[in-house]
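Biologist: Could we go through this structure together? I should like to discuss salt bridges, cysteines and pockets.

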Amino acid sequence: MNSMETDMSEQIDAQRKAELLSKTVEHIDIKSFDARPIIDQMANMSFTSRDLARATGIYNQMLEDKDCTIFLVIAGSTSAGGCMDLYADLLRNNMVDAVVATGATIVDMDFFEGLGHKHYQALEIPDDNTLRALYIDRIYDTYIDEEQLQDCDMTIGKIADSLEPKAYSSRAFIREMGKYLSEHGKKENSLVKLAYEHDVPIFCPAFVDSSAGFGLVKHQVERMKEGKPYMVLDAIADFRELTDIKIKAGASGLLMIGGGVPKNFIQDTVVCAEILGHDDVAMHKYAVQITVADVRDGACSSSTLKEAASWGKVQTVYEQMVFAEAGSVMPLLASDAYHRGHWKSRPKRGWAKLFA
């Protein structure tokens with residue numbers, strides 16, 4: 001292929017990529033509508049509708065309970081799918097006190113958009129090998145520009161390069177990411193940025209299982225080549241710090257979207273506190289989980305909250321499983337809780353100051 005043919009091929013590819021990445025995902029605004037009448041009527045229905053209404057009621061109880069620390073627990077791709085501003089609004093309005101999430105939620109989705117990048121609706125899905133050739137990554141019916149994601153990877157590496165070479169919990173490193181966005185970010189409504197500004201700690205127990213991993217590996221390899229020390233992530237510190245919050249918090253509630261590692265990690269803080277000799281630490285008082293996982297597969301993501309009681313993790317008085325795709329029900333739950341307004345009189349906890 002001569003140079004003219006190569007240039008023409010590259011132009012065609014660029015045009016095709018632009019066509020596929022033409023419509024951005026718009027994140028839902030829970031303040032723009034009032035879901036209270038819908039949730040009130042769902043309470044008189046059956047099946048998932050009634051489960052959702054009860055789950056929303058339990059979340060409102062968490063907000064109304066002045067002694068309750070609320071943990072937002074996120075797994076899955078709801079942030080990329082349109083719930084990113086929803087989570088940011090929960091944090092901005094003091095409706096959650098700490099976050100436990102997957103690295104993808106925090107890095108590939110929220111930090112990624114904080115840098116000014118976007119997620120796109122997949123209005124058509126050609127062969128996935130075609131997407132690969134165009135450097136487009138797919139999450140079901142959502143697209144990400146791989147070149148933009150690589151910018152996210154490299155930014156993580158730059159942050160690592162700027163830090164003192166020592167051990168950091170994921171919370172401590174994500175705080176540095178929030179500081180970076182406060183100084184250089186392109187989006188106000190970023191969960192990572194707002195968490196930094198509001199002293200809300202974010203934990204990612206499997207942090208390198210995301211774009212962060214590429215940037216951190218690059219940081220480590222380059223420092224090794226130069227014979228210099230490098231920063232590392234301390235997963236044990238993650239568990240210790242999160243358990244410290246649970247010990248000091250007293251009453252606690254879980255709002256869980258999906259399951260996996262974040263779900264198990266936050267539930268295990270009760271057991272860890274007991275191991276450390278804190279026999280007076282109570283099980284999580286309130287718990288809501290929204291998931292599509294099947295309870296028959298024996299996995300943590302699908303295990304019921306009642307099952308968690310057998311491990312001494314969750315009380316069974318105020319718990320509710322909602323088996324639904326979270327993007328379709330979280331906007332209703334969050335909008336209802338926002339408009340009922342119990343958050344307005346909640347004390348602000350600022351748990352990140354515990355580690356200052």
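Biologist: Is Glu222 buried, partly exposed or exposed?

Modeller: Glu222 counts as partly exposed, at 31% relative accessibility. Here buried means under 20% relative accessible area, exposed means over 50%, and partly exposed lies in between, with a 1.4 Å probe and protein chains only. Please note that this is a predicted model, in which local features need pLDDT of at least 70 and side-chain atom pairs count only at pLDDT 80 or more, while totals for chains, interfaces and linings use all residues. Residues are numbered from 1 along each chain as its sequence is written, and side-chain values use heavy atoms, with hydrogens and water left out.

Biologist: Which residue forms a salt bridge with Glu222?

Modeller: That is Lys218, with the closest N and O atoms 2.5 Å apart. A salt bridge is a side-chain nitrogen of Lys or Arg within 4 Å of a carboxyl oxygen of Asp or Glu. Lys218 is also partly exposed, with a relative accessible area of 36%.

Biologist: Where do Lys218 and Glu222 lie?

Modeller: Both are in helix α10 (residues 211-225), four residues apart, which is about one turn of the helix. Helices (H or I, at least four residues) and strands (E, at least two) are DSSP runs, numbered from the N terminus.

Biologist: How many salt bridges does the rule give?

Modeller: The count comes to 22.

Biologist: Which residues are linked with Asp29 in a network of salt bridges?

Modeller: The network links Asp29 with Lys31, Asp89 and Arg92. Within it, the side chains of Lys31 and Asp29 meet at 2.9 Å, N to O. Lys31 also forms a salt bridge with Asp89, where the closest N and O atoms are 3.0 Å apart.

Biologist: What does the pair of Asp89 and Lys31 tie together?

Modeller: Asp89 lies in helix α4 and Lys31 in the loop between α1 (3-20) and α2 (36-42), so the pair ties together parts that are 58 residues apart in sequence. Asp89 is buried, at 3% relative accessibility, whereas Lys31 is partly exposed at 37%. Asp29 is partly exposed as well, at 31%.

Biologist: Turning to cysteines, how many disulfides does the structure hold?

Modeller: Zero, where a disulfide is a pair of cysteine sulfur atoms within 2.5 Å. For Cys68, the nearest cysteine sulfur is that of Cys272, 20 Å away. Cys68 is buried, with a relative accessible area of 0%. Cys204 is likewise in no disulfide, and the nearest cysteine sulfur, that of Cys152, is 12 Å away. Cys204 is buried at 1%.

Biologist: And the pockets: what volume has the largest one?

Modeller: About 390 Å³. On a 1 Å grid over the protein atoms alone, a pocket is an open set of points where a 1.4 Å probe fits, with protein on both sides within 12 Å along at least five of seven lines, and lining residues have an atom within 4 Å of a point. Of its 19 lining residues, the closest to the centre are Ala80, Gly81, Gly82, Asp141 and Thr142.

Biologist: Which elements give two or more residues to that lining?

Modeller: They are α4 (78-92) and α14 (326-340). The largest share, five residues, comes from α4.

Biologist: What about the second largest pocket?

Modeller: About 230 Å³ of space lies in the second largest pocket. Of the 15 residues lining it, the closest to its centre are Ala75, Gly76, Gly258, Thr291 and Val292.

Note on methods: Grid points are joined across faces, edges and corners, and a volume is the space filled by probe spheres set on the points.
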